[in-house]
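Q: Could you walk me through this one? I'd like the overall picture before we go into individual residues.

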Amino acid sequence: MSATGRDTGHVVVIGAGIAGLAAAHRLLQRGARVTVLEAADRVGGKLLPGEIAGVRVDLGAESMLARRPEAVTLARETGLADQLQPPATAAASIWTRGALRPMPTGHVMGVPGTASALAGVLSEEGLARIERDTELPRTEVGEDVAVGEYVAARLGREVVDRLVEPLLGGVYAGDAYRISMRSAVPQLFRVAQTHDSLLEGVRELQAAAAAAPRTGPVFLGIEGGMGRLPLAVAQSVRARGGEILTGTPVTELRRQDHSSWRVVAGDRVLRADAVILAVPAPAAADLLRAESPEAAAELRTVEYASMALITLAYRRADVTLPPGSGFLVPPVDGRTVKASTFASQKWGWLAEEDPDVVVLRTSVGRYGETEILEREDAELVEVSRHDLREATGLDAVPLETRVTRWTDGLPQYPVGHHARVARIHEHIGKLPGLAVCGAVYDGVGIPACIASAYAAVDRIGGVLHEVQDPTGTPVRGPQGEAGE
């Protein structure tokens, strides 16, 4: 029952990552009764707070895109407004061709408007190849195309291998020659559909951005770590009357009749008016196999990349780092690490935690790389130290290290991903009171996952709108409170 004594409809959210928690938070704002079920012993999914050498750190994602509103708004709604912080420095480097080189500006996900924008990162031959774009006939892209395939055809492989690949890899841990341009870089896909020249299209994007400049930082973090966000949302959910059960894997999901669902979790059997699945594709496929075998079959085709984060803490007196927030590494250079973050230089709050400690992170693992993640933690630390020494000269012995493995952590968006997602939603749309959300569908970033959660809430809104209280009075559904 709600505080008014009215039965406003019970929604079970399966999964307590940021998408599931955001869905629960939005549902409670709109008057639903909510139970969140999480198989793991904690909430937060890929947002994981931790500690090293007495300093708070993130052991998962460390920042959120601030130019989308969803994550920043949710942080403010859950009491973190005063804790939001931009990076202390946004200057990054590319470790390529034997040196740390400044990250070029004037590009869209590594695709430049002019060849000169990539001077210093590309060879003279690579820069000359970019200029041929305006002479080439139009490249047809159809319904979708791989980012690497299209950009290499227009500007040459060196642009892809030395800039597009590491930038995309930082988001998806994937292969630029497989990743969907329509899903991963939609603004470039629109350019490819409408322009003969990629360079000219990118220059138009840049001119439009310059004509309507945005204020404020591109990215934001949270003092104490991004891992605080799901904890704050969970606290807000509970304060509003929502129930969150961890260590509670769901084993069965069945349509009970035309108006309810049966959810089995251990020895608990819950009845729900609606269900939101906010879990990775394999788990969603298992739960949907009885009620929507078609959606389950589509979800089973989703592939994932695994990665590991190596966090290292040093005495400040032992460390001299190049300026900036860290560096990316093109796979073509054959290094083990794919990126490093100079966390104590990037985040002012982290530097203040203990001025005598410096924290760095490296990441290893890309799509299709399994051998590296099978190594022992100590070996991953050693290869990270080796590459850090080669890139920056850092040869000190760390005070403490932590290895965090994210097995099957990032869903892959291959060519045709948009069509697969559309089919999944079509199949699930045939079952009233059921919706899915999360990184599998419309973006792996934190704001995209939250937006996916809100869309799922909207999809089940019709069902909740029909739920009535004991007196027969219709209960206002989510659409009636969309301004909240």
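A: What follows goes from the whole chain to a helix, some salt bridges and a few single residues. Please keep in mind that this is a predicted model.

Q: How many helices and strands does the protein chain have?
A: The protein chain has 18 helices and 22 strands.

Q: And the radius of gyration, what is it against that of a compact globule?
A: The protein chain has a radius of gyration of 24 Å, which agrees with the value near 23 Å that a compact globule of 484 residues would have. Along the principal axes, the C-alpha trace spans about 75 × 55 × 45 Å.

Q: What share of the residues is buried, and what does the accessible surface come to?
A: Buried residues make up 55% of the 484 residues, while the accessible surface of the protein chain comes to about 20100 Å², with 50% of that belonging to carbon and sulfur atoms.

Q: What part of the contacts comes from residues 24 or more positions apart?
A: Among contacts with a separation of 6 or more, residues 24 or more positions apart account for 71%.

Q: OK, on to helix 2. Which of its residues are buried?
A: Helix 2 covers residues 69-77, and its buried residues are Glu70, Ala71, Val72, Leu74 and Ala75.

Q: What covers them?
A: The cover includes helix 1 (18-29), helix 9 (228-239) and helix 17 (446-459), together with strand 5 (64-65), strand 6 (84-85) and strand 11 (219-222).

Q: And what follows helix 2?
A: Helix 2 is followed by Gly79, which has a positive phi, near 90°.

Q: Strand 5 came up there; which residue of the nonpolar surface patch has its place in it?
A: That is Leu65, which is placed in strand 5. Leu65 forms a nonpolar patch on the surface with Val218 and Phe219, and the three have about 220 Å² of accessible area together. Taken alone, Leu65 is partly exposed, because its relative accessibility is 31%.

Q: Changing topic: how many salt bridges are there in the whole structure?
A: A search of the whole structure finds 23 salt bridges. One of them pairs Arg30 with Asp458, where the closest N and O atoms are 2.8 Å apart. This pair links distant parts of the chain, since Arg30 sits in the loop between helix 1 and strand 2 (33-37) and Asp458 in helix 17, 428 residues apart.

Q: Are those two partners buried or partly exposed?
A: Arg30 counts as buried because its relative accessibility is 8%, below the 20% cut-off, whereas Asp458, with a relative accessible area of 42%, is partly exposed.

Q: What about Arg56 and Glu353, how do their side chains meet?
A: Their side chains, those of Arg56 and Glu353, meet in a salt bridge at 2.6 Å, N to O. The pair links distant parts of the chain, with Arg56 in strand 4 (residues 55-58) and Glu353 in helix 13 (residues 348-353), 297 residues apart. Arg56 counts as partly exposed at 32% relative accessibility, and Glu353 counts as partly exposed at 28%.

Q: Which parts does the salt bridge between Glu252 and Arg262 tie together?
A: The closest N and O atoms of Glu252 and Arg262 are 3.3 Å apart. Glu252 lies in strand 13 (residues 252-257) and Arg262 in strand 14 (residues 260-265), so this salt bridge ties together parts that are 10 residues apart in sequence. There is also a network, in which salt bridges that share partners join Arg138, Glu140 and Asp196.

Q: Now Arg162: where is it, and is it buried or exposed?
A: Arg162 is found in helix 5 (residues 157-172), and it is buried, with a relative accessible area of 15%.

Q: What does its side chain make a polar contact with?
A: The side chain of Arg162 makes a polar contact with the side chain of Thr96, at 2.7 Å. Leaving aside residues up to four places away in sequence, Arg162 touches Ile94, Thr96, Arg97, Val121, Leu122, Pro330, Val332 and Asp333.

Q: Last topic: what is the phi of Arg97, and of Asp408?
A: Most residues other than glycine have a negative phi. Arg97 is not a glycine, yet its phi is positive, about 50°, and Asp408, also not a glycine, has a positive phi of about 50°. Arg97 is found in the loop between strand 7 (92-96) and strand 8 (99-102), while Asp408 lies in strand 21 (residues 400-411). Arg97 counts as partly exposed at 35% relative accessibility, and Asp408 counts as partly exposed at 43%.

Notes. Residues are numbered from 1 along each chain as its sequence is written. This is a predicted model: local features need pLDDT of at least 70, side-chain atom pairs count only at pLDDT 80 or more; totals for chains, interfaces and linings use all residues. Side-chain values use heavy atoms; hydrogens and water are left out. Buried means under 20% relative accessible area, exposed over 50%, partly exposed in between (1.4 Å probe, protein chains only). Helices (H or I, at least four residues) and strands (E, at least two) are DSSP runs, numbered from the N terminus. Contact means heavy atoms within 4.5 Å. A polar contact is a pair of N or O atoms within 3.5 Å; within protein, one must be able to donate a hydrogen and the other to accept it, and residues adjacent in sequence count only if both atoms are side-chain atoms. Patches are made of residues with over 30% relative accessible area and no salt bridge: like charges are joined within 9 Å, nonpolar side chains (Val, Leu, Ile, Met, Phe, Trp, Tyr) within 5 Å. Accessible areas come from the Shrake-Rupley method with a 1.4 Å probe; for residues, only the protein chains shown count as cover. A salt bridge is a side-chain nitrogen of Lys or Arg within 4 Å of a carboxyl oxygen of Asp or Glu. The radius of gyration is taken over C-alpha atoms; the globule rule is 2.2 Å times the number of residues to the power 0.38.
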